[in-house]
Amino acid sequence: MLYIITIVILLFILFISLKSKKKKTIIPLEKVEVPKHWHQLLLKNVLFYKKLNDDEQELFRAKMVSFLKETNIEAVHFELEELDTLLIAASAVIPVFRFPNWKYTNLSTVLIYPDYFDDDLQFDSQVEGRTIGGLVGTGRFEKQMILSRKALHLGFSNKTDKGNTAIHEFIHLLDKADGVVDGIPSVLLNKQYIIPWLQLVHKEMEAINNNASDIRSYGGTSEIEFLAVAGEYFFERPKLFQRKHPELYKMLALCFSK
Ligand SMILES: [Zn+2]
């Protein structure tokens with residue numbers, strides 16, 4: 001009898017240890033606590049998340065928590081809601097989701113303004129000409145990102161456009177991670193790909209400026225904006241982007257899938 005009990009106990013211990021091992025391979029991050037209701041909120045609001053499988057969704061949530069632990073989110077002149085915070089964290093995770101470990105070391109705070117703003121960072125909606133939806137700060141705003149709450153929500157509410165302001169700004173931060181914002185994602189792209197990348201970029205910028213591309217015209221203004229605008233499109237409408245721009249798709253897939 002004792003013999004049987006011992007075997008049962010040993011099997012039980014083996015079962016538990018195998019189970020916990022399996023768990024570890026799913027979440028390589030430190031054990032993080034994720035509020036249960038996030039899953040539904042993300043399914044409803046973040047298409048990128050919805051398309052992931054169960055394990056990837058779990059990893060995505062863990063990465064969001066890890067981002068929020070290291071970043072201040074501050075609302076200016078309005079009360080921050082949970083969905084605001086969630087969308088910011090999702091925008092931060094999407095471009096770096098395929099990287100095993102990534103920290104935005106060049107970011108400490110995301111400031112959320114209630115509305116679009118102008119070059120002087122004024123956001124009074126009564127005045128026209130306030131069209132900026134987001135920016136990566138420099139000077140006294142170094143390590144800060146400013147986002148318009150309206151632009152943040154619009155980026156996720158329209159599921160058929162090719163744009164997303166917050167993802168755009170996080171791609172600028174990735175570009176900046178090598179010290180310079182130049183539209184050449186040196187941290188993302190191995191050296192041998194940089195010249196082919198620039199050749200592709202210049203060809204497509206020319207097409208944009210000749211009205212012969214479906215990439216948003218803002219991408220034609222500089223290499224820097226091209227990377228961010230094409231990146232938005234890549235994450236928002238991957239299949240369409242792959243069909244319309246197979247070479248650029250291949251290159252961006254190389255960038256964002258380390
Ligand atoms: Zn930009």
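The paragraphs below lead through a sheet, two helices that lie across it, and two loop residues in a predicted model. Because the model is predicted, local features need pLDDT of at least 70 and side-chain atom pairs count only at pLDDT 80 or more, while totals for chains, interfaces and linings use all residues. Residues are numbered from 1 along each chain as its sequence is written.

The sheet is open and has 4 strands in the order E1-E2-E4-E3, with mixed pairing; strands (E, at least two residues) and helices (H or I, at least four) are DSSP runs numbered from the N terminus, and two strands pair if DSSP finds at least two bridges between them. Strand E1 (72–75) and E3 stand at the edges, and each has a single partner strand, so one side of each is left without a neighbour in the sheet. From one strand to the next the twist averages 15°, where axes are lines fitted to C-alpha atoms, for helices over the stretch in contact, and angles run from 0 to 180 degrees between N-to-C directions. E1 and E2 pair in the parallel sense over 4 bridges, and Ile73 stands opposite Val110 in E2.

Helix H6 (residues 149–157) lies across E2, E3 and E4 and runs at about 75° to E4, whereas helix H7 (residues 165–176) lies across E3 and E4 and runs at about 10° to E3; contact requires C-beta atoms, placed from the backbone, within 7 Å.

Leu121, in the loop between strand E2 (109–113) and strand E3 (134–136), has a positive phi near 65° although it is not a glycine. Lys143, in the loop between E3 and strand E4 (144–148), has a positive phi of about 70° and is not a glycine either.
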